[in-house]
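Dear colleague,

Please find the structure below, handed over for your review. A summary of what was found in it follows.

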Amino acid sequence: MALAARSEAWTQRQERITYHATSALLTGWKKTDELAFLNDVSSVPLQQALRHLQVAFTNFWAKRARYPSFKSRKRSRRSAEYTASAFRWRDGRLTLAKMSDPLDIV
């Protein structure tokens, strides 16, 4: 949705949207009934995805990369990136943000 919003802003108004603006959009999206499920997960991976999108656009405007593309839910790998403040490693157990029980690590 952030890529669509940024693309639409550029094609319609020739306006570049920053990371902070997309972060504000994310906050608004989380308040809608349709996207309320975003409140159930940690905001850290969502914010990290917006940071990755900002880097992709920075590289595009600097002519170091192509225009960012939409990712497929079926063909993309399912992963999340957590910063140091979003997880806890204690006694050999990993607990992610917004999770009550630690993960089993194999």
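How much space lies in the largest cavity? The answer is about 60 Å³, in a predicted model where local features need pLDDT of at least 70, side-chain atom pairs count only at pLDDT 80 or more, and totals for chains, interfaces and linings use all residues. Residues are numbered from 1 along each chain as its sequence is written, and side-chain values use heavy atoms, with hydrogens and water left out.

Confidence. The mean pLDDT (the predictor's confidence in each residue, from 0 to 100) of the chain is 87, and 99% of the residues reach at least 70. Among the elements (DSSP runs numbered from the N terminus, with helices being H or I of at least four residues and strands E of at least two), helix α2 (residues 19-30) has the highest mean, 93, and strand β1 (residues 87-90) the lowest, 84.

Cavity. On a 1 Å grid over the protein atoms alone, a cavity is a set of points where a 1.4 Å probe fits but cannot get out; a pocket is an open set with protein on both sides within 12 Å along at least five of seven lines; lining residues have an atom within 4 Å of a point. One cavity of 30 Å³ or more is found in the whole structure. The largest cavity is lined by Arg6, Trp10, Glu15, Arg16, Ile17, Phe57, Trp61 and Tyr67. By class, this lining holds five nonpolar, no polar and three charged residues.

Pocket. The largest pocket contains about 1,600 Å³ of space. Of its 28 lining residues, Pro45, Leu46, Ala49, Lys71 and Ser79 lie nearest the centre. Helix α3 (43-61) contributes the largest share of the lining, seven residues. The lining comprises 17 nonpolar, six polar and five charged residues.

Core. The largest nonpolar core (buried Ala, Val, Leu, Ile, Met, Phe, Trp, Tyr and Cys residues joined through side-chain atoms within 4.5 Å) has eleven residues, including Leu46, Leu50 and Phe57. Helices α1, α2 and α3 each give two or more residues to this core, and α3 gives the most, four.

Helix α3 also carries Gln47, which is buried (under 20% relative accessible area, 1.4 Å probe, protein chains only) at 16%. Not counting residues up to four places away in sequence, Gln47 touches (heavy atoms within 4.5 Å) Tyr19, Ser23 and Leu26. On the same basis, Leu50 touches Ala2, Tyr19, Thr22, Ser23 and Leu26.

With kind regards

Methods: Points joined across faces, edges and corners; volume = space filled by probe spheres on them. Nonpolar A, V, L, I, M, F, W, Y, C, P; charged D, E, K, R; others polar. Buried < 20%, exposed > 50% of the residue type's maximum accessible area, 1.4 Å probe, protein only.
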